[in-house]
Amino acid sequence: MTSMLDKTQLDALEVGQVVTRLLAGSVPMRCKITAIDTLIHCGPWTFHRDTGCEVDPELGWDGITSTGSFLTK
């Protein structure tokens with residue numbers, strides 16, 4: 001079973017690091033961190049800094065109460 005990154009692991013992420021985005025809880029996708037500000041950016045995808053869950057306003061995903069993917073170990 002793949003687990004989500006915890007807050008300590010999310011805080012340790014750095015630009016250039018490769019992470020795994022787990023889409024729909026079952027499709028792993030490797031992506032590189034391109035920026036970190038109030039969000040974690042992996043190319044076109046953005047993730048909440050505290051949860052590691054994808055943020056996509058167009059789909060209604062706030063990364064806290066709703067999401068379609070998340071960063072994993």
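## Two antiparallel sheets and a nonpolar core

In strand β5, H48 is the bridge partner of L39. The structure described here is a predicted model.

L39 lies in strand β4, which covers residues 39-42, and H48 in strand β5, which covers residues 45-48. The two strands pair in the antiparallel sense over four bridges. They belong to an open sheet of four strands with the order β3-β4-β5-β6 and antiparallel pairing. At its edges are β3 (35-36) and β6 (54-55), each of which pairs on one side only.

T46 is also part of strand β5. Is T46 buried or exposed? Its relative accessibility is 16%, and because buried means under 20%, T46 counts as buried. Leaving out residues up to four places away in sequence, T46 touches L39, I40 and H41, and also C53, E54 and V55.

The other sheet is open as well and has three strands, in the order β2-β1-β7, with antiparallel pairing. Strands β2 (27-32) and β7 (69-72) stand at the edges; each has a single partner strand, so one side of each is left without a neighbour in the sheet. From one strand to the next, the twist averages 35°.

Strand β1 (residues 18-23) pairs with β7 in the antiparallel sense, over four bridges. Two residues that stand opposite residues of β7 are T20, which faces T72, and L22, which faces F70.

The residue pairs named in this report are set out below.

| Residue | Residue opposite or bridge partner | Strand of the second residue |
|---|---|---|
| L39 | H48 | β5 |
| T20 | T72 | β7 |
| L22 | F70 | β7 |

In a regular strand, side chains alternate between the two faces of the sheet. In β7 both faces are covered: S69 and L71 are buried on one side, and F70 and T72 are buried on the other.

Which residues make up the largest nonpolar core? There are ten: L5, L10, L13, V19, C31, I33, I40, C42, F47 and L71. Nonpolar side chains tend to be buried together in soluble globular proteins.

I33, one of the ten core residues, has contacts with several other parts of the chain. Apart from its neighbours within four places in sequence, I33 is in contact with L13, E14, V15, G16, Q17 and V19, and with I40, H41 and C42. Among these contacts, L13, V19, I40 and C42 are also members of the core.

Key
Residues are numbered from 1 along each chain as its sequence is written. This is a predicted model: local features need pLDDT of at least 70, side-chain atom pairs count only at pLDDT 80 or more; totals for chains, interfaces and linings use all residues. Side-chain values use heavy atoms; hydrogens and water are left out. Two strands pair if DSSP finds at least two bridges between them. Axes are lines fitted to C-alpha atoms, for helices over the stretch in contact, and angles run from 0 to 180 degrees between N-to-C directions. Buried means under 20% relative accessible area, exposed over 50%, partly exposed in between (1.4 Å probe, protein chains only). A nonpolar core is a set of buried Ala, Val, Leu, Ile, Met, Phe, Trp, Tyr and Cys residues joined through side-chain atoms within 4.5 Å. Contact means heavy atoms within 4.5 Å.
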